[in-house]
Number of protein chains: 2
Amino acid sequence: MIQILVIEDDPAIAHLIESTLKKEGYACTCASDGKEGADALESGGWDLVLLDLMLPEISGYDLLEYLRPLRIPVIVISAMTQVGDRIRGLRMGADDYLCKPFQLGELLARVESVLRRSGKLGQQLFWQDVVLDPESRTVMKKDEEIELTPKEFDLLELLMRNRNAALSRSYLYESVWHEEYLGETRTLDNHIQRLRKKLGWENVIQTVFRIGYRLKMEK
Amino acid sequence: MIQILVIEDDPAIAHLIESTLKKEGYACTCASDGKEGADALESGGWDLVLLDLMLPEISGYDLLEYLRPLRIPVIVISAMTQVGDRIRGLRMGADDYLCKPFQLGELLARVESVLRRSGKLGQQLFWQDVVLDPESRTVMKKDEEIELTPKEFDLLELLMRNRNAALSRSYLYESVWHEEYLGETRTLDNHIQRLRKKLGWENVIQTVFRIGYRLKMEK
DNA sequence: CTACATGTGTCAAAGATGTCACAGAGGGCG
DNA sequence: CGCCCTCTGTGACATCTTTGACACATGTAG
């Protein structure tokens, strides 16, 4: 289930957001100040953060700074209406912003939009002639369905969500297997080979020596 | 260079956007109605589309429908201020929207934000005709990919992050090798030579006698 | 000219990854 | 319950790649 963290000091607004999101089927947790927010962020596992800029203890701007390298999508909530502040928020790495007072429908639309953009929401992933649909867990290549095992599918989804990026072996392994990567076996390589073969992607799933693998356009 | 397509029927606004974007260093082309826009889209190669929703010939909504499968980021421009319409635009797959009238700074912030999100604007490092992308760990020289080994890549990244600075041998070695520099072997020199050769940078990676190396513009 | 510093080419060892066959786990089904 | 099937992980082995060392050439400063 999608995990959303709301960092907002006004309990009335926080509660309103929480119940609205829960009604839509998201898992939602609230933090009422910057410090509490930072602690919640530490624990990890968030798909999206709704962040009020005006907070006690630690300011929203500082949290934004801290969030950016974590690559968690952020929607900034702000009471300020000046264009300057909106720009500042966007430049600082927010994925979207919302000005108080806002309508609940608008909140939901932005949440959905950001989640879709960041690929957390069932959205089909495309790469060359391959289409991967996370919701139905199917993969098509040129209108032909490719049957993948669970591990193969997860691995491919991860690669396709990070097209072009060189993903480390440990990141790949730990994301798919949910256990520490010690690198003593050929397990990961094996699954990569099976994927390559099934998709005919010998040149698309590239080896990055001493790092890991990468999805790359064929020359 | 980043290619932006502006589909906007009001010539005054189109021109304003075009000159603003060009001043920022983007390549920008305008289409003045839906049909012209569709033709431009056909030809491909766009990194971002700015799309006015109210267009003659073919409506912006139809173009949006057509754009979505192409996976080109879109910023919708709209004169409408009702929340309902903004929601409709976002739900239809726009990456962001902008309400007229807008400030040019806001336009630029959104363009930058969307480009960054879609990965067109990575924190790539440039030097002369060479582009290094840390995320994908690739290096391009004049659209040609240069294959580097891990050590070579790390070394080049370090040099490119410190352009013009003379970096000491011990700093270079210890940063890349993560161990003390004793300087008894030709290891570092060797890797520098290999980099020079692969990049054709015999005069760009300069030797600073008794110090180390430096990335410098060729005379 | 001398004393070092750096450039260059070659090479083999160390280490990474590809490949394959196989076996155990687990699930579905008669 | 036993059979058959698929999915996964393992280990042995084959194949690259990388990289550091060495020997020797060339360059630089004083």
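**Exercise 1. The surface near DNA strand D**

Which residues are the closest to DNA strand D, and how many residues surround it? Describe that surface by element and by class.

*Solution.* This is a predicted model.
- Step 1. Take the count: 19 residues surround DNA strand D. The closest are A:Thr149, A:Pro150, A:Thr185, B:Thr149 and B:Thr185.
- Step 2. Place the surface on the fold. Helices α6 (150-161) and α8 (187-199) of chain A each supply at least two of its residues, and so do α6 (150-161) and α8 (187-199) of chain B.
- Step 3. Sort by class. The surface near DNA strand D holds five nonpolar, eight polar and six charged residues.

**Exercise 2. The surface near DNA strand C**

Repeat the analysis for DNA strand C. Which residues come nearest?

*Solution.*
- Step 1. There are 16 residues around DNA strand C. A:Arg186, A:Asp189, A:Thr207, B:Arg186 and B:Thr207 come nearest.
- Step 2. Helix α8 of chain A and α8 of chain B each give at least two residues to this surface.
- Step 3. The classes are four nonpolar, six polar and six charged residues.

**Exercise 3. The open sheet of chain A**

Work out the strand order of the five-stranded sheet in chain A. Why do β2 and β5 each have one side without a neighbour?

*Solution.*
- Step 1. The order is β2-β1-β3-β4-β5 in chain A, with parallel pairing.
- Step 2. β2 (27-31) and β5 (96-99) of chain A are the edge strands; each has a single partner, so one side of each is left without a neighbour in the sheet.
- Step 3. Direction ignored, neighbouring strands of this sheet are turned by 20 degrees against each other on average.
- Step 4. Look at one pair. β1 (residues 3-7) and β3 (residues 48-52) of chain A run parallel and are joined by four bridges. Within β3(A), A:Leu48 stands opposite A:Ile4.
- Step 5. Add the helices. α1 (residues 11-23) of chain A lies across β1, β2 and β3, at about 170 degrees to β2(A). α3 (residues 60-67) of chain A lies across β1, β3 and β4 (74-78), at about 155 degrees to β3(A).

**Exercise 4. The nonpolar cores**

Find the largest nonpolar core. Which of its residues have the most contacts inside it?

*Solution.*
- Step 1. The largest core has 28 residues. B:Val6, B:Ile7, B:Val49, B:Leu50, B:Leu51 and B:Ile75 have the most contacts inside it.
- Step 2. Elements of chain B that give two or more residues to this core include β1 (3-7), α1 (11-23), β3 (48-52) and α5 (104-117).
- Step 3. Apart from this core lies another, of 27 residues, among them A:Ile7, A:Leu51, A:Tyr97 and A:Leu115.
- Step 4. Zoom in on B:Ile7. Among the residues it touches are B:Ala31, B:Val49, B:Leu51 and B:Leu63.

**Exercise 5. Two hairpins and a loop in chain B**

Trace β7, β8 and β9 of chain B. Then decide: is B:Asp129 buried or exposed?

*Solution.*
- Step 1. β7(B) and β8 (residues 138-141) of chain B pair antiparallel over four bridges. The bridge partner of B:Leu132 is B:Val139. Four residues separate the two strands of this hairpin, and B:Arg137 in the turn has a positive phi of about 55 degrees.
- Step 2. β8(B) and β9 (residues 144-146) of chain B pair antiparallel over three bridges. Here B:Val139 stands opposite B:Ile146. Two residues lie between these strands, and B:Lys142 in the turn has a positive phi of about 50 degrees.
- Step 3. B:Asp129 sits in the loop between β6 (125-127) and β7 (130-133) of chain B. It has 12 other C-beta atoms within 10 Å, so B:Asp129 is exposed.
- Step 4. B:Asp129 and B:Lys141 are twelve residues apart in sequence, yet 5.6 Å apart in space, C-alpha to C-alpha.

Terms used: Residues are numbered from 1 along each chain as its sequence is written. Chains are lettered from A and ligands numbered from 1 in the order in which they are written. This is a predicted model: local features need pLDDT of at least 70, side-chain atom pairs count only at pLDDT 80 or more; totals for chains, interfaces and linings use all residues. Two strands pair if DSSP finds at least two bridges between them. Axes are lines fitted to C-alpha atoms, for helices over the stretch in contact, and angles run from 0 to 180 degrees between N-to-C directions. Two residues are in contact if their C-beta atoms, placed from the backbone, lie within 7 Å. A residue is near a molecule or strand if its C-beta atom, placed from the backbone, lies within 6 Å of it. Ala, Val, Leu, Ile, Met, Phe, Trp, Tyr, Cys and Pro count as nonpolar, Asp, Glu, Lys and Arg as charged, and the others, Gly among them, as polar. A residue is buried if 20 or more other C-beta atoms lie within 10 Å of its own, exposed if 12 or fewer, and partly exposed in between; C-beta atoms are placed from the backbone. A nonpolar core is a set of buried Ala, Val, Leu, Ile, Met, Phe, Trp, Tyr and Cys residues joined through C-beta atoms within 7 Å. Lists of a residue's contacts leave out its neighbours within four places in sequence.
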